[in-house]
Amino acid sequence: MGAAGESGRAQQMRAKAQDLEQAAERATDPQERQRLKDKARQFKEQSEHAGGTGKPDIDPTM
């Protein structure tokens, strides 16, 4: 997959994560809220690995 496809995929994952975070804020059940937050975190992590964050993977201790 090309760089444009990877960044588009990352954008989609970040958008999904944001949707899940908003749903978590609206959730009244604590277990459902936590499940949605966890799912949002997973999508964020996947989007970072897809290469769409612009954050360098640099060890700050070096």
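**Exercise 1. Surface and burial.** State the accessible surface of the chain and the share that belongs to carbon and sulfur atoms.

*Solution.* The model is predicted. Its chain has an accessible surface of about 4,900 Å². Carbon and sulfur atoms hold 47% of that surface. Next, turn to burial. The chain has 62 residues, and 19% of them count as buried.

**Exercise 2. Elements and contacts.** Find how many helices and strands the chain has.

*Solution.* The chain has two helices and zero strands. Helix 1 covers residues 3-26. Helix 2 covers residues 30-49. Now look at contacts with a separation of 6 or more. Residues 24 or more positions apart account for 50% of them. One pair to locate is glutamine 18 and alanine 40. These two are 22 residues apart in sequence, yet their C-alpha atoms are 6.9 Å apart in space.

**Exercise 3. The core.** List the residues of the largest nonpolar core, then name the element that gives the most to this core.

*Solution.* The core has ten residues: Ala10, Met13, Ala17, Leu20, Ala24, Ala27, Leu36, Ala40, Phe43 and Ala50. Helix 1 and helix 2 each give two or more residues. Helix 1 gives the most, with five. Take one core member, alanine 27. Leaving out residues up to four places away in sequence, alanine 27 touches Glu32, Arg33 and Leu36.

**Exercise 4. A buried serine.** Decide whether serine 47 is buried or exposed, and find what its side chain reaches.

*Solution.* Serine 47 sits in helix 2. Its relative accessibility is 1%. Buried means under 20%, so serine 47 counts as buried. Its side chain reaches the backbone oxygen of lysine 44 at 2.7 Å.

**Exercise 5. Salt bridges.** Find how many salt bridges the whole structure holds, and work through each.

*Solution.* There are three. Start with glutamate 21 and lysine 44, whose closest N and O atoms are 2.5 Å apart. Glutamate 21 lies in helix 1 and lysine 44 in helix 2, so this pair ties together parts 23 residues apart in sequence. Glutamate 21 is partly exposed at 30%. Lysine 44 is partly exposed at 36%.

Next come arginine 35 and glutamate 32, with a closest N to O distance of 2.9 Å. Both lie in helix 2, three residues apart, or about one turn.

Finish with arginine 41 and glutamate 45, at 3.3 Å between their closest N and O atoms. They are four residues apart in helix 2, which means about one helical turn lies between them. Arginine 41 is partly exposed at 42%. Glutamate 45 is partly exposed at 36%.

Conventions
Residues are numbered from 1 along each chain as its sequence is written. This is a predicted model: local features need pLDDT of at least 70, side-chain atom pairs count only at pLDDT 80 or more; totals for chains, interfaces and linings use all residues. Side-chain values use heavy atoms; hydrogens and water are left out. Buried means under 20% relative accessible area, exposed over 50%, partly exposed in between (1.4 Å probe, protein chains only). A polar contact is a pair of N or O atoms within 3.5 Å; within protein, one must be able to donate a hydrogen and the other to accept it, and residues adjacent in sequence count only if both atoms are side-chain atoms. A nonpolar core is a set of buried Ala, Val, Leu, Ile, Met, Phe, Trp, Tyr and Cys residues joined through side-chain atoms within 4.5 Å. Contact means heavy atoms within 4.5 Å. Accessible areas come from the Shrake-Rupley method with a 1.4 Å probe; for residues, only the protein chains shown count as cover. A salt bridge is a side-chain nitrogen of Lys or Arg within 4 Å of a carboxyl oxygen of Asp or Glu.
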